[in-house]
Amino acid sequence: NDAVALAAALAAADGVLDLEGKTYRCDSILALRSGITIKNGKLDFSNAAISAGLQGAGTAGTSSVVSSAATGTQTITPASTAGYSAGDLLRLRSSDTLASGHQYAELFRLEQVSGANLLVDGAILGTYSTTPLVEEITAIQDIRLEDLTIVAPSSGYAIDLSLCQRVRMRNVNVECTAAAESIRILNCYGVVMESCSIRQKT
């Protein structure tokens, strides 16, 4: 099990962790951090009964009740604009159900605080009528995964990203035992996948 050594290498790496073409067995989750590149090797989580192999998880700040966030506009009106500034990553969400129990949520970049309003970088797509909230996101960011093969855990995702931004995956090949156990990306902003593949093992 190389997970402990790899976790230490991730923490100590000066931006880049080069696996040097080798295969590493990992029996526990490897947590991604901001500003890290992992490249050139194979991570095998297949012997681990864990929820994910590589995992990146940002955090959400205190929620503020929203009085207005109309579909098609770029304006969010929270109870207070205190603490917000241009460049913040925001999540707008509510208890409204989109499908199969999933709730509405969208991520935006805050462009400007204008009086009582937050002006964001894109049009609001959803309808937020039941307890709409806005919150600032502290994202895990600037992650690059390159030239990797990742074997998913027996009952989890190979890569699991939540509240992350500016993530690029290039030539990442995932092997999994079931269609659902591959890559999960939730509430992320600016994720690019290039020349990646997912293969279901028999």
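Biologist: What percentage of the 202 residues of the protein count as buried?
Modeller: This is a predicted model. A residue counts as buried when its relative accessible area is under 20%. Of the 202 residues, the share that meets this is 41%.

Biologist: How many helices and strands does the protein have?
Modeller: Helices and strands are counted as runs along the chain. The protein has one helix and 18 strands.

Biologist: What does the C-alpha trace span along its principal axes?
Modeller: The span is given for the C-alpha trace of the protein. Along the principal axes it comes to about 55 × 40 × 25 Å.

Biologist: Among contacts between residues at least 6 apart in sequence, what share joins residues at least 24 apart?
Modeller: A contact needs heavy atoms within 4.5 Å. Take the contacts between residues at least 6 apart in sequence. Of these, the share joining residues at least 24 apart is 62%.

Biologist: Which residues of helix H1 are buried?
Modeller: Helix H1 covers residues 3-12. An α-helix has 3.6 residues a turn, so residues three or four places apart point the same way. The buried residues of H1 are Ala-3, Leu-6 and Leu-10.

Biologist: Within what arc do the buried residues of H1 fall, seen down its axis?
Modeller: The buried residues are Ala-3, Leu-6 and Leu-10. They line one face of the helix, because they fall within an arc of 65°.

Biologist: Which exposed residues does the face of H1 turned away from its buried side carry?
Modeller: Exposed means over 50% relative accessible area. On the face turned away from the buried side, the exposed residues are Val-4, Ala-5, Ala-11 and Ala-12.

Biologist: Which strands are included in what covers the buried residues of H1?
Modeller: The buried residues to be covered are Ala-3, Leu-6 and Leu-10. Their cover includes strands S1 (16-18), S2 (23-25), S3 (30-31) and S4 (37-44).

Biologist: How many disulfides does a search of the whole structure find?
Modeller: Two cysteine sulfur atoms must lie within 2.5 Å to count. For Cys-26, the nearest cysteine sulfur is that of Cys-176, 17 Å away. For Cys-164, it is that of Cys-188, 4.5 Å away. The search finds zero disulfides.

Biologist: Is Cys-164 buried or exposed?
Modeller: The cut-off for buried is under 20% relative accessible area. Cys-164 has a relative accessible area of 0%, so Cys-164 is buried.

Biologist: The charged end of which residue sits over the ring of Tyr-189?
Modeller: The charge must lie within 6 Å of the ring centre. Here the distance to the centre of the Tyr-189 ring is 5.1 Å. The residue is Arg-109.

Notes
Residues are numbered from 1 along each chain as its sequence is written. This is a predicted model: local features need pLDDT of at least 70, side-chain atom pairs count only at pLDDT 80 or more; totals for chains, interfaces and linings use all residues. Side-chain values use heavy atoms; hydrogens and water are left out. A charge sits over a ring if NZ of Lys or CZ of Arg is within 6 Å of the ring centre and within 35 degrees of the ring normal. Buried means under 20% relative accessible area, exposed over 50%, partly exposed in between (1.4 Å probe, protein chains only). Helices (H or I, at least four residues) and strands (E, at least two) are DSSP runs, numbered from the N terminus. The arc is that of the directions from the helix axis to the C-beta atoms.
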